[in-house]
Structures are given as structure tokens and as C-alpha cells.
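Here are a few exercises to work through with the model open beside you. Try each task before you read its solution.

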Amino acid sequence: MCGIVGVVSAQPVNQLIYDALLLLQHRGQDAAGILTQLGHKFFMHKAKGMVRDVFRTRNMRALPGTSGLGQVRYPTAGNAASEEEAQPFYVNAPFGVVMAHNGNLTNAQALRRELVQTDHRHINTESDSEVLLNVLAHELGRASQGGALQLEGIFGAVAAVHRRVRGSYAVVALIAGHGMLVFRDPFGIRPLCIGRGADGTVMAASESVALEGTGHRFERDVAPGEAIFVTLDGHIHARQCAEAPRHHPCMFEFVYLARPDSVIDGISVYQARLNMGQTLATRVVSTVPPNEIDAVIPIPESSRPAAMEVARLIGRPYREGFVKNRYVGRTFIMPGQAVRKKSVRQKLNVIASEFAGRNVLLVDDSIVRGTTSREIVQMAREAGARKVYLASAAPPVRYPNVYGIDMPTQEELVAHGRTVEQVRALIGCDALIYQDVEAMKRAVAALNPGLQGFEASCFDGVYITGDVTPESVVAMNAPRQASAAEDDDGATTRLTLPNAQES
Ligand SMILES: O=P(O)(O)OC[C@H]1O[C@H](OP(=O)(O)OP(=O)(O)O)[C@H](O)[C@@H]1O
Ligand SMILES: NC(=O)CC[C@H](N)C(=O)O
Ligand SMILES: [Mg+2]
């Protein structure tokens, strides 16, 4: 995932985009970029780092104009270390087009070959987003047939993008002198919504929190496959551009990625987490008698709503046992296992009195590589806990994700090929309780019966775009793994238990 925002206004937009990116920082901590448009001219500043570090006053001053877009990046393709892969991306032919993308293409390599050999376009980085931009630019050229670009041509180009591109993509783009183009893949995997300010400003963003937090009224989610074009004077045109759209938003947004105060595809993220806590509670009581639990303790930050519900339903006290250093970012979206591992202890510290002599139930939203859980369980024991039970509001993560969450290989997943008992032994807790896959889907689906399902491949191994095989996952990851190994500088932590059959 990444965070994206696009704005068309009558006022300068640089500060507005900055503010929106700050509200989306939890979606990407690696790089940030803002592009603005004044007349037909684009102005851009992008670099590696968090929003507050990337933009200095002099950079902001150099971003004039009344329309623009921005992105915070969490790399899931190409080279995480590359400054050039920060977004937005720009092409100048056949029109000036800039794009910010959240998602991950599953046929980027084939498209890259096609673009170079058949469409005669130049791709300068390893980023799949640059591939997507070039497909769009090529299709805009085809649709305009060398003449002026009309609305029909823009929607036709998005329809062609849907035909050629596979994977997940939520996109905001600017076409120089024309307006802002916003679209979402035919499964609506990654989130995207649109709203308006009192002064008529139109904003599209990954999450509703970016609209609300900048004083804009949420109007609606962009539908799967839909394209919305906003002219520079603020007129909105919408068109369904996919042949058979189906709505399957990413389950991991509700589990972990999104902010709890966002509403995505009609579902309150906070309520989804409470619901997951409710179904988790029933699993807890069937594994550990509640009277053997002295306190339910969340692993900050994202697990809090689920932990609160578990505590309420099993009738045991909810206590804070870990304090989060608010100046350390989210560890899961950091690049490289070495830095993630180190950051858990930098980020979380125990309140020892909450553990001494007690049996505690720790609750996390998910266990992915097991980095957090292993450290936390150890910290609880060091603080004097008698029994340490661990519950995960998400089911075991057993399959790689190819749609924009950085878990590219199954070997890195602690639950892959292991029984729950083996994971428990590896993490070092006294009992390990996981959410059930179907129960999780039901708990979240209950909040919007209009959805056709969820993209939940990391839990159930079902890849809804239909083009993903174990071989294609390996091929897709080859360039990334090479760069990840470099980033880790040989310090990658390997889990030591032998793999076993899945439970
Ligand atoms: O099993 P792992 O590979 O460690 O990944 C899972 C952990 O990572 C995330 O926390 P993170 O620190 O990123 O963010 P948070 O503060 O939002 O919980 C998530 O909430 C889990 O705690
Ligand atoms: N997670 C994302 O949305 C990443 C966007 C794009 N695939 C990149 O790696 O830059
Ligand atoms: Mg966490």
C-alpha cells in the first residue's frame, strides 16, 4: 500500500496536499512526493523519507498551482532504495501526464516488454507504477489519434488500461492542461474515495481520513473499474470503464493497513476491528479459560479495538502493558527485516507492574513474520509474567501478497508450512489463538453486504485476478528480493524451526 491524494481547486494546493499526505503517512514511510500544476506546467518535489523530512519551506514554495497530487510510498515493486522510484511519475508524450499509484501490478514484466518492443516507450526504473503510467499514456495517445484529447478518449484509455493491466491499482493522475483522472482496478482492491470542500475543491484520496482531516466532505468511494475525470474548473465526470467489475477490497486494509478512523467501501475500519475482536473472543474462551487470564493487553497500535472487544466479551480487565514511542514509525512497513526487528524494542516498552506475577493475554491485529510477537512475548516474560498467551485478530498469514502489501515470499511468513503449535513454539508463548478465516470474512462482510467478497489471498491463498501462480510469484519477486538482500546487508533474520505440514 501507499497513500495517494489528488486535488483540483481554485486556491493554491501545495499545503493542502502536504496536510493530506501527513494524514496518509501510516500507508507509506519510505518516500514522499508532491506535484503541482500551474497553467500547463508541472512542478515536482519527491525524495526518500517521511513527509516532514522531505518537504522544507523552500520545496513548498517551489510548488505553485491550483491542482496537484501527492504520494507516500511503501515499496512493493522495484527497488525500495531507489530515489527515482519515489512518486509521482511523469511522462511528456503524447501528453504531459503525471501519476501516483497505490497497488501492485502482477503482469508488470510482460507489460514492460510490450511497452518497449511494441509501443516504443522508454521505461527508466524498475517500478511497476512507471509501467502503469506508460500504459495509460500510450492508450491516451491511441484514443486521441494524434488530435485533441476528449472525455470519451480519456475513458476509452482507462478501459484499455483495464484490459491490459492485471493486479491492483488505485490511481490519481493529472493530464497537463486538462484535469485530474482518478481510477480504481476492476476488483477495487486498494481503496480510493472522493470528496469536496466548501470552496468547491475536489479531493481524491486513499482514505476518508485525508478528506475529513483537511476539511473536505467525503462524497463516495470510487467504484471498482470506475474512472472519474475532474476538469480544472471542478466539473466531475464519471464512467464505469471495466467490462465485469467485482468488488473485493483488500482484507488487510481492515486488519492493519488503514487508519481506524477511516471508512473504506462503506465499512468503518474501527468497527471492522471491533467485529474481529468479537469473533476472536469466542476462539479465546475455547482455548484458555477466562479465569486463567488476569489481564488482556493490546500490542500497540493497531490491535487496540480488537483487544478491547476481547476483554469486554471474556469479562477480564483490559490493561495497557506496552507504551509506544510515538516517534518510531510502523515497523511492519519498514524495508528490511533487520531494521524491523530492531525497531520493535525501540518502539515498545513494558509497564513492568502490569506483568509481574500475572497471566496475560496479549492481542495483536496480525502475526506476519512473527518479528513483533517474538520480541513482545520475551519482553512480557522478562517483566515477570507467569503465563503469556497470544491472540491474533487475523488468521495465520500463510501466502505471499502480490497486491501491494510487502510480504512477497512465503518463506518469510512465520505461519507458512507450520502448524499453529509450531508457530507457538517459535514465538515462545504459552498458548496461541488465531482468528478463523471464514469468521473474519463474515465479521467484516456484515458491515457491507453489497460487497462480492474480499481480496484475502495472504490468508486463504485465493488470488482473485486469476493470473497468479506460484511460478509467477517467484518471477515477480526476483528483482525485489535481490534489492531487499542488499538493504538488509546480510543481517536478515532467519527462523530456525524446520517447516512442517500446515495445520
Ligand atoms: O508479525 P510481524 O511481521 O511483526 O507483523 C505484524 C505486526 O506489525 C504491525 O505493527 P506495526 O508496528 O507495523 O504498526 P502498528 O503500530 O500500527 O501496530 C502489526 O500491527 C503487527 O503488530
Ligand atoms: N504499496 C504500493 O502501493 C506501492 C506502489 C508501487 N508498486 C511501488 O512499489 O512503488
Ligand atoms: Mg502492530
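**Exercise 1. The shell of ligand 2**

Which of the 17 residues around ligand 2 come nearest?

Before solving this, a word on the model. The model is predicted: local features need pLDDT of at least 70, side-chain atom pairs count only at pLDDT 80 or more, and totals for chains, interfaces and linings use all residues. Residues are numbered from 1 along each chain as its sequence is written, while chains are lettered from A and ligands numbered from 1 in the order in which they are written.

Step 1. A residue counts as near a molecule if its C-beta atom, placed from the backbone, lies within 6 Å of it. The ones that come nearest to ligand 2 are Cys-2, Thr-76, Ala-77, Asn-102 and Gly-404.

Step 2. Look at the elements, which are DSSP runs numbered from the N terminus (helices: H or I, at least four residues; strands: E, at least two). Both β6 (97-105) and α5 (128-144) supply at least two residues of the shell, and β6 gives the most, with four.

Step 3. Sort the shell by class: five residues are nonpolar, nine polar and three charged. Here Ala, Val, Leu, Ile, Met, Phe, Trp, Tyr, Cys and Pro count as nonpolar, Asp, Glu, Lys and Arg as charged, and the others, Gly among them, as polar.

**Exercise 2. Cys-2**

Is Cys-2 buried or exposed?

Step 1. Place the residue: Cys-2 lies in the segment before β1 (3-8). An unreviewed UniProt entry puts the feature "active site" at Cys-2; such annotations may be inferred rather than shown by experiment, feature names are shortened, and positions are given in the numbering used here.

Step 2. Apply the cut-offs: buried means 20 or more other C-beta atoms within 10 Å, exposed 12 or fewer, and partly exposed in between, with C-beta atoms placed from the backbone. Cys-2 is buried, because 27 other C-beta atoms lie within 10 Å.

Step 3. List its contacts (C-beta atoms, placed from the backbone, within 7 Å). Leaving aside neighbours within four places in sequence, Cys-2 is in contact with Arg-27, Gly-28, Gln-71, Val-72, Arg-73, Tyr-74 and Asn-102.

**Exercise 3. An annotated binding site**

Why do Ser-302, Asp-364 and Asp-365 gather at one spot?

Step 1. The unreviewed UniProt entry gives these three residues the annotation "binding site". They span 64 residues in sequence, but no two of their C-alpha atoms are more than 7.5 Å apart, so they gather at one spot.

Step 2. Take Asp-364, in strand β19. Asp-364 counts as buried because it has 22 C-beta neighbours inside 10 Å. Its contacts beyond four places in sequence are Ile-299, Ser-303, Thr-372, Ser-373 and Ser-392.

Step 3. Move on to Asp-365, in the loop between β19 and α12. Asp-365 is buried too, with 28 other C-beta atoms within 10 Å. Among the residues that Asp-365 touches, beyond four places in sequence, is Ser-302.

**Exercise 4. Helix α12**

How many of the twelve residues of α12 are buried?

Step 1. Helix α12 runs over residues 371-382 and reaches 17 Å from its first C-alpha to its last, close to the 16 Å expected. The expected span is 1.5 Å times one less than the number of residues.

Step 2. Nine of the twelve are buried, so α12 is mostly covered. The buried residues include Thr-372 and Ser-373.

Step 3. Elements covering the buried residues include α11 (337-347), β18 (348-350), β19 (359-364), β20 (387-392) and α13 (420-427).

Definitions and conventions
Two residues are in contact if their C-beta atoms, placed from the backbone, lie within 7 Å.
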